[in-house]
Amino acid sequence: MATDSLSNVAASTANISLGEHAATRTSALGEVAIKTEDVGVFYNEKSQALRNVSLTFHRGEVAALIGPSGCGKSTFLRCLNLMNLEIPHCRIVGSIHYHGSDIVNDKINMFDLRKSIGMVFQQPNPFRKSIYDNVALAISRHGMASSKADLDERVERALRAAVLWDEVKDDLNKSAYALSGGQQQRLCIARTLALDPDVLLMDEPCSALDPIATRAIEDTARSIADSGISVIIVTHNMQQAARVSDTTSFFYLGEMVETGPTERIFSNPSDDRLKGYISGQFG
Amino acid sequence: MPDIQGQAGASSIIDGAPAAASSLPEKNGSSPHPGSPKGKDARVPKKLMPKKRVERIGGTVCGICAGIATLLVVTLIFMVAEHGLATFVVDGISPIAFLTGTTWNPHSNGADGAPLMGALPMIVGSFGVTLLSCLFVLPFAVGAAIFTVEIAPTFGRKVLQPVIELLVGIPSVVFGLLGLTIIVPLVRGAFGGTGYGLLAGSVVLAVMVLPTVTSLSIDAIASVPNAYREGSYGLGCSRWQTIWHVVLKSALPGILTAVILGMTRAFGEALAVQMVVGNAASIPTSLITPAATLTSVLTMGMGNEAMGTVYNDALWSLALILLVMSLVFILIVHLIGRKGAKVNG
């Protein structure tokens, strides 16, 4: 019985199609995109890096996860697309509801999951390929493009969505490493958006960037959320969280301490640890 | 009694009662173990040489070593070039005839009166075994490297890589002997003929260069930043897609370097090849007809000819070709490295 339901879950997650996402996107503002219940992470049997995190993320919103270094915010983010499972001996407990199924099980198709839950990393990590190929790689590996023209169109759409198209349209065949750091990061966003995700995870996407590039990434994150995607951004920068996010969750020592609308979190925090963090007593 | 004292002393930290009971004898016992060291302390500084002088001496010694090493390389190239070019300058053999002639028989003269010195068969033989051996070794080396880095790092690094690297230590004559007793009969059985030839030679060479190419490929693949793999996994690419489209693509310059360094080794290998290649200085018509390489002709001919004879000069010319080719290989490696550096930004 238990195994049956698990495999059903896997099947239903595997069947999520892109067309469905695209169709529901405009009407999906505010709809729950992903919901976690009591999520915990063990890096080995003894040490629990994260415990009992229950959060809900909505489409069309930017959610910020803040907290001091080592508080588990990145670990939590990496649960949402099961990136943690790439680490040997790492175990996720609790449940993560996504499209009506719990993705914390062995039968989940990680590859389809990561297609619709995109991720952008701390350091810009474009592949050692041309700008075009960086975006086109995953599209073609997932067999999403029906023709060369379709592929071209998808690449252009993704680059436009990441607000990069105007800067690179004339040198799509140049190496991605010819771009500046901020452009590289937006290229990484573009190649994720090319897969039509409905959740975008950003793991301190601006920590390697200068203020102007940071601003560009933040604006991009905002416009992506406005298109109906749930953007979850990890940041150690409280100003960034205040600027860009609708909701903010504060993590401390492997726990989610407080969550709420960003404005309320920063103007009227209730937990003492959060008050201390915001007032700069530790960081 | 002294035993008990010792025990009591040791347990005194944990348990108070015995320590209290033996507090007196312990005090007495502790006197032969004073904390301060006796005798001369080596760490007390003696009078030091002035730092400026140390700097100067160090710089001079390193400079001399570097100078000698450079001089060695330059004189070596100069000497090979001097002897090798004597064939053309002193003995008046046309370089074009030397490089394109197909008959190698320096003891007899051709129709035009010049000795028959066509090196083309050996050049073809050398390039033949080199390219073929690299063709054979490439899938195994890259496969083993992928396995070691991406699939089973613990087993690969602890077992596979050391075992493959053991091959480096086996002398080439042993490889030749193994080739002679295993490969040559196998080739003879499978394809007919004598069994000696380019095929046997390249199989032996492939085994010989396997550790070099594998080790360097492992380094190349391991040096691909993990961020690339994460990026690819994050896009929902499978492990194999990641390896094939992202990791190998990024490691390509390094793998090419590995192959070319393997080619350098294969090109220059003499003994093992000579034992299985058949040593017939004519252009091979197939992979299983006996052939010769630059190195095999050199090793067989060098001892027989007196210095300064035309034959001897011709052998030096073959050595010069070998040297130049090795330099070309190294140059290619450098060019790849520079291009890689450019891509890295």
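Q: Why is Arg243(A) counted as partly exposed?
A: In this predicted model, Arg243(A) has a relative accessibility of 49%. Exposed would take over 50% and buried under 20%, so Arg243(A) lands in between and counts as partly exposed.

Q: What makes Glu218(A) and Arg243(A) a salt bridge?
A: Their closest N and O atoms are 2.7 Å apart. The cut-off is 4 Å, so the pair qualifies. It links distant parts of the chain, with Glu218(A) in helix H9 of chain A and Arg243(A) in helix H10 (residues 238-244), 25 residues apart.

Q: How do you know whether Glu218(A) is buried or exposed?
A: Look at its relative accessible area, which is 5%. Buried means under 20%, so Glu218(A) is buried.

Q: What about Arg215(A) and Asp219(A): why are they separated by about one helical turn?
A: Because they sit 4 residues apart in helix H9 (residues 211-226) of chain A. Their side chains meet in a salt bridge too, at 3.4 Å from N to O.

Q: Why is Arg215(A) called exposed, and what is Asp219(A) called?
A: Arg215(A) has 51% relative accessibility, and exposed means over 50%, so Arg215(A) makes the cut. Asp219(A), with a relative accessible area of 40%, is partly exposed.

Q: How do you know that Asp272(A) and Lys275(A) form a salt bridge?
A: Their closest N and O atoms are 3.8 Å apart, and the limit is 4 Å, so this pair counts as well. Both residues lie in helix H12 (residues 272-278) of chain A.

Q: Why is there no disulfide between Cys65(B) and Cys62(B)?
A: The sulfur of Cys65(B) is 6.4 Å from the one in Cys62(B), its closest cysteine sulfur. A disulfide needs the sulfurs within 2.5 Å, so this gap is too far for a bond. Searching the whole structure turns up 0 disulfides over all chains.

Q: What makes Ile182(B) partly exposed?
A: Its relative accessibility is 44%, which falls between the 20% and 50% limits, so partly exposed is the label. Ile182(B) lies in helix H8 of chain B and is one of the residues making a nonpolar surface patch of about 540 Å². Helix H8 (residues 172-191) gives the most to that patch, with 5 residues.

Q: Why be careful with residues 1-36 of chain B?
A: Their pLDDT stays under 50. Where pLDDT is low, the predicted coordinates should not be read in detail. For chain B as a whole, the mean pLDDT is 84.

Technical notes. Residues numbered from 1 in each chain as written. Chains lettered and ligands numbered in written order. Predicted model: local features only at pLDDT ≥ 70, side-chain atom pairs only at ≥ 80, totals over all residues. Heavy atoms only, no water. Patch = residues over 30% accessible without salt bridge, like charges linked within 9 Å, V, L, I, M, F, W, Y side chains within 5 Å. Areas by Shrake-Rupley, 256 points an atom, 1.4 Å probe, with all protein chains shown as cover. Helix = DSSP H or I, 4+ residues; strand = E, 2+ residues; numbered from the N terminus. Buried < 20%, exposed > 50% of the residue type's maximum accessible area, 1.4 Å probe, protein only. pLDDT = per-residue confidence, 0-100. Contact = heavy atoms within 4.5 Å.
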